[in-house]
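User: Could you take a close look at the aromatic rings in this one and walk me through what sits around them? Once that is done, a quick tour of a couple of other spots would be great.

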Amino acid sequence: VPGADTQSLVADAALVARLRSGDQAAMTELYDRYSSLVYSVALRVLADTGQAEDVLQEVFLQLWRNPGAFNAARGRLAPWLAVIARHKAIDQLRGRREQTDIEDVVLATDARLDEAADRNRASERVRGVLAGMPAEQRKALEMAFFQGLTHTEIAQQNGDPLGTVKTRIRSGLQQLRKAFQA
Amino acid sequence: MSAHEQFADDLALHALGALSGAEQQALEQHLVSCADCRNEFERLRGDAALLALSATGPAAPARSRERFVQAITRERHPRTVRRRRSFFELVPIFATAVVVLICILLWRENVQLRRRLDYALASDVGVRGTWTGMISDERCGASVHDAACASKCIGAGQRAVLVSDASGHIIPIADAKTIAGHEGRHVKVTGTLDQGTLTVKMVELVAVPGSGN
């Protein structure tokens with residue numbers, strides 16, 4: 001329902017706005033909405049519950065300390081939090097200092113992800129798209145997203161030509177976009 | 001092949017953070033000047049973020065929530081922490097307070113002085129002192145011609161007055177007998193000014209200012 005989606009979008013932005021004045025209730029509300037998403041991404045990357053909990057803590061503390069880093073006019077909170085979690089988890093996986101400034105993370109998507117039901121539907125759709133891809137293509141996308149590998153590293157590990165890896169990744173993202181444009 | 005087509009594959013890789021080396025540098029340089037590619041890059045990042053939804057797993061443990069709530073309770077929000085002011089920041093406040101206090105004191109002093117002045121002017125009671133001036137009569141005032149003129153006018157019933165040297169005011173004298181013999185003369189009078197009338201206690205001749213006498 002477009003109306004409900006807009007309402008939720010406003011609610012996310014309003015909650016983030018309340019963080020600017022130190023509203024703890026708004027912060028716990030956002031945590032309750034999106035902690036599962038953030039934790040799932042971190043756990044998938046790190047395969048370690050303790051480290052995933054640390055990432056979960058860091059992501060929301062960073063939002064608490066710097067709510068201005070999320071620009072509601074330029075994207076939605078759910079994918080933004082997921083991408084921040086993915087960056088932090090990969091940095092931790094690789095034992096490196098943080099390489100991404102969260103204020104630089106700007107992403108646009110047509111997918112509705114604000115309500116829990118929206119995210120469940122979107123999650124099923126993404127899994128469906130991935131299941132429909134050739135195994136090599138799915139593997140290349142997952143190695144890039146969840147392991148933070150470069151296309152060169154993916155090509156080396158899988159024994160594929162660089163050009164093939166590039167094409168698979170580009171084509172894979174196009175398929176995801178189409179699935180949410182329909 | 002246009003620049004956009006050339007970078008199409010790399011944009012997808014970059015959105016996943018899977019580009020490196022010279023290719024990454026070349027693409028980032030292109031993104032600085034190409035708004036279309038920047039927009040496409042943001043969309044590809046959004047597409048890539050959808051992959052996060054495939055990572056479904058167990059919910060975050062309840063202890064994580066407790067830990068987080070404790071952390072934000074313990075950690076006062078930066079915007080709500082009241083910063084302690086330094087001494088130098090307080091100087092203008094103190095200076096303003098002092099100026100305001102001085103203004104209030106001066107205003108109160110001014111009010112008191114005005115009241116005293118009004119009272120003195122209204123009552124004009126018993127001001128003792130010495131005045132110098134010319135003895136004349138009420139009609140001639142400062143234009144009295146000589147002693148004979150003044151004596152004649154006062155004798156004819158005009159009220160005796162002192163034309164003050166200091167202010168030029170004409171001050172009525174209560175009793176003409178107290179200045180008898182000094183009509184038309186320059187004198188120093190000792191007495192009391194009461195209700196605008198001078199009661200003379202003592203009178204003596206003095207030289208006219210600037211006359212050399």
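Analyst: Here is the aromatic part, followed by two other spots in chain B.

A bit of housekeeping to begin with: this is a predicted model, where local features need pLDDT of at least 70 and side-chain atom pairs count only at pLDDT 80 or more, while totals for chains, interfaces and linings use all residues. Residues are numbered from 1 along each chain as its sequence is written, chains are lettered from A and ligands numbered from 1 in the order in which they are written, and side-chain values use heavy atoms, with hydrogens and water left out.

Searching the whole structure turns up 5 aromatic pairs over all chains (rings of Phe, Tyr and Trp, the last by its six-membered ring, with centres within 6.5 Å; planes under 30 degrees apart are stacked, over 60 edge-to-face, the rest tilted). One of them is A:Tyr31 with B:Phe68, a stacked pair at 5.0 Å centre to centre and 10° between the planes. A:Tyr31 sits in helix α2 (residues 24-46) of chain A and B:Phe68 in helix α4 (residues 62-74) of chain B, so this pair joins two chains. (Helices are DSSP runs of H or I, at least four residues, and strands are runs of E, at least two, numbered from the N terminus.)

B:Phe68 also pairs with A:Phe60, this time edge-to-face, with 6.0 Å between centres and 65° between planes. A:Phe60 belongs to helix α3 (residues 49-65) of chain A, and B:Phe68 to helix α4 of chain B, so here too the pair joins two chains. Put together, A:Tyr31, A:Phe60 and B:Phe68 make one aromatic cluster. As for cover, A:Tyr31 is buried at 2% relative accessible area and B:Phe68 at 0%; A:Phe60 is buried as well (buried is under 20%, exposed over 50%, partly exposed in between, with a 1.4 Å probe and protein chains only).

Now for B:His186, in strand β4 (residues 186-194) of chain B. With 8% relative accessibility, B:His186 is buried. A polar atom of its side chain lies 3.1 Å from the backbone oxygen of B:Ala207. Leaving out residues up to four places away in sequence, B:His186 touches several others, among them B:Gly133, B:Asp165 and B:Glu204 (contact means heavy atoms within 4.5 Å).

Last stop: B:Ile102, in helix α5 (residues 87-123) of chain B. B:Ile102 is partly exposed, at 44% relative accessibility.

Notes:
Polar contact = N/O pair within 3.5 Å; in protein donor to acceptor, adjacent residues only side chain to side chain.
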